[in-house]
Amino acid sequence: MITDRPNGETVDDTLTPLALKRVGIDTYRENVAYLHRDCDLYRAEGFQALAKVEVRANGQCILASLNVVDDPAIVDCVQLGLSEDAFHALGVEEGHPVSVSQAEPPASIPALHRKIAGERLSREDFHAIVRDIAELRYSKIELTAFVVACDRGELDREEVFYLSDAMSRVGRRLDWHEQPVVDKHCIGGIPGNRTSLLVVPIVAAHGLLCPKTSSRAITSPAGTADTMEMLANVDLPFDTLGEIVRTHRGCLAWGGTSQLSPADDVLIAVERPLSIDSPGQMVASILSKKVAAGSTHLLLDIPVGPHAKVHSMPEARQLRKLFEYVAKCLGLTLDVVITDGRQPIGRGIGPVLEARDAMRVLANHPEAPMDLRQKSLRLAGRMLEFDPDVRGGDGFAIARDILDSGRALEKMRAIIAAQGEKPFDPEAPPLAPQHFEVVAPRAGVVIALDNLKLARIARLAGAPKAVGAGVDMQVRIGDSVEAGQPLYRVHAAYRNEMTFAHQASERDSGVTLGSRESIQCLNVEF
């Protein structure tokens with residue numbers, strides 16, 4: 001571009017474009033650009049490592065964090081490399097000319113600095129911050145600062161509402177043009193617990209609209225989407241999912257491409273490695289997604305137990321009050337159910353094992369796990385009572401009739417067929433070939449099951465990437481066992497993963513044995 005200077009000079013200020021190179025690095029939801037240290041651009045102000053840059057090509061523009069490299073095998077002096085996420089976001093072919101420029105600092109940085117200093121932010125402050133986060137204008141360092149500031153400073157309940165509202169308004173927001181639109185969510189932390197695969201077909205068979213989009217596992221052995229993917233496609237165009245929901249009254253799909261509360265996905269990528277899950281951020285994450293998805297009524301499951309996210313009933317009641325306050329401000333009808341989170345729900349921990357359990361419950365199979373059945377019926381019954389034609393207290397019986405009659409299985413099969421059925425036989429599930437059993441070291445009564453340790457053993461065995469890997473539980477709290485009796489079986493796809501899982505189980509099996517008297521003091525009413 002030719003620019004006229006005030007003194008009459010003309011200067012060509014067009015930067016020489018660089019050739020795009022795809023750098024095969026998974027940067028986990030962060031756009032990263034790679035520039036050689038000897039590139040002419042690197043010497044300019046604003047192109048230091050970790051700076052934000054704008055990359056433009058063919059009318060497209062993305063923001064990326066800059067990494068500086070010395071190895072010409074990664075990028076040379078006339079190339080710009082992009083990580084896998086960034087390359088796909090830009091959407092042009094390798095070798096295409098790209099221009100690079102310094103990115104303007106996010107406009108919300110002053111508000112971020114005030115939060116770091118411990119100040120209370122306004123509704124407008126949160127909207128500005130969330131908008132910049134969703135547009136990927138924050139670096140990982142700035143994102144981390146925001147997450148830690150909100151965690152340490154403990155957002156007050158109005159700030160939680162401001163954050164939730166801002167997150168729900170940035171990105172796609174759906175309107176199904178009817179009421180009620182129902183959904184169900186669990187705050188997580190309990191292995192198995194695949195109640196959504198039962199609740200959705202029960203509720204949809206009754207006629208309520210239940211568009212269920214779920215996440216994949218990040219730190220757990222399986223998410224709802226991972227488990228449903230054993231049965232059907234979950235990564236579908238949003239228009240297709242909309243048609244499925246309108247036709248079948250429900251779906252079970254991955255929400256990663258829906259652009260519902262996109263800032264939440266960015267924040268989660270920072271929160272999970274830091275193991276930060278403060279009450280305010282949890283509430284904002286869950287409720288913003290549900291409001292953006294067009295839900296009008298939400299059933300929330302809060303499991304309580306020594307190895308759950310919530311450890312005590314007083315803590316659960318306090319969290320429930322915060323959820324209820326923010327939901328009311330957002331115009332969302334909320335029903336909170338506090339459930340037993342002392343042990344895994346169902347037998348299986350891992351995608352294939354959890355799909356087996358869910359399909360056995362739907363089919364009223366004699367070996368179906370009763371705890372998964374009963375919890376799913378309880379939750380489905382509460383959801384059915386969102387229907388104004390269902391009297392309070394009648395929901396459980398209606399849900400049980402829908403399940404026992406086979407209508408829930410019929411509805412699930414229709415949803416699976418609509419999403420794209422995959423072959424799956426719950427009588428012969430495709431389990432990983434390597435396996436070993438963890439047995440009781442002595443006779444006794446199972447008085448505790450450690451959710452965290454059992455989930456970690458399943459992940460070390462390869463779940464969820466190895467879909468047939470995981471832990472198949474043989475005991476529950478209160479069961480009497482003899483010395484040498486199997487407590488659970490571990491399935492792994494590869495020998496090394498089996499070794500890692502075996503070593504972890506030998507250090508601590510996650511199963512505590514004791515006397516029947518000692519279990520009584522652990523009982524909690526739910």
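In this predicted model, helix 11, which covers residues 313–330, contains 18 residues and reaches 26 Å from its first C-alpha to its last, a span close to the 26 Å expected at 1.5 Å a residue. The buried residues of this helix are M313, A316, L319, L322, F323, Y325, V326, A327 and L330. These buried residues of helix 11 pack against two helices, namely helix 5 (157–169) and helix 10 (279–292), and against two strands, namely strand 12 (297–304) and strand 13 (333–340). Just after helix 11 comes G331, a residue that takes a positive phi of about 80°.

Attention now turns to the enclosed spaces of the model. The count comes to 4 cavities of 30 Å³ or more, and the largest cavity has a volume of about 100 Å³. The lining of this largest cavity is made up of 14 residues, and among these E30, K52, L136, Y138 and L143 lie nearest its centre. At least two residues of the lining are supplied by each of three helices: helix 3 (123–134), helix 4 (140–153) and helix 9 (262–274). When the residues lining the largest cavity are divided by character, 6 are nonpolar, 2 are polar and 6 are charged.

L136, one of the residues nearest the centre of the largest cavity, also has a notable backbone angle, since its phi is near 60°, a positive value in a residue other than glycine. L136 lies in the loop between helix 3 and helix 4, and L136 counts as partly exposed because its relative accessible area is 26%, which falls between the limits of 20% for buried and 50% for exposed. A positive phi is likewise found at N193, where the value is near 55°, again in a residue other than glycine. The place of N193 is in the loop between strand 9 and helix 6 (196–206). With a relative accessible area of 6%, N193 is under the 20% limit and is therefore buried.

The backbone also includes cis peptide bonds that involve proline. One of them joins Q179 and P180, with omega at about -5°, and P180 lies in the loop between helix 5, the helix against which buried residues of helix 11 pack, and strand 9 (182–186). Another cis peptide bond joins A463 and P464, with omega at about 5°. In this case, P464 is found in the loop that runs between helix 16 (451–460) and strand 17 (470–473).

Notes. Residues numbered from 1 in each chain as written. Predicted model: local features only at pLDDT ≥ 70, side-chain atom pairs only at ≥ 80, totals over all residues. Heavy atoms only, no water. Helix = DSSP H or I, 4+ residues; strand = E, 2+ residues; numbered from the N terminus. Expected span 1.5 Å × (residues − 1). Buried < 20%, exposed > 50% of the residue type's maximum accessible area, 1.4 Å probe, protein only. Contact = heavy atoms within 4.5 Å. 1 Å grid on protein atoms, 1.4 Å probe; cavity = no way out; pocket = protein on both sides within 12 Å on 5 of 7 lines; lining within 4 Å. Points joined across faces, edges and corners; volume = space filled by probe spheres on them. Nonpolar A, V, L, I, M, F, W, Y, C, P; charged D, E, K, R; others polar.
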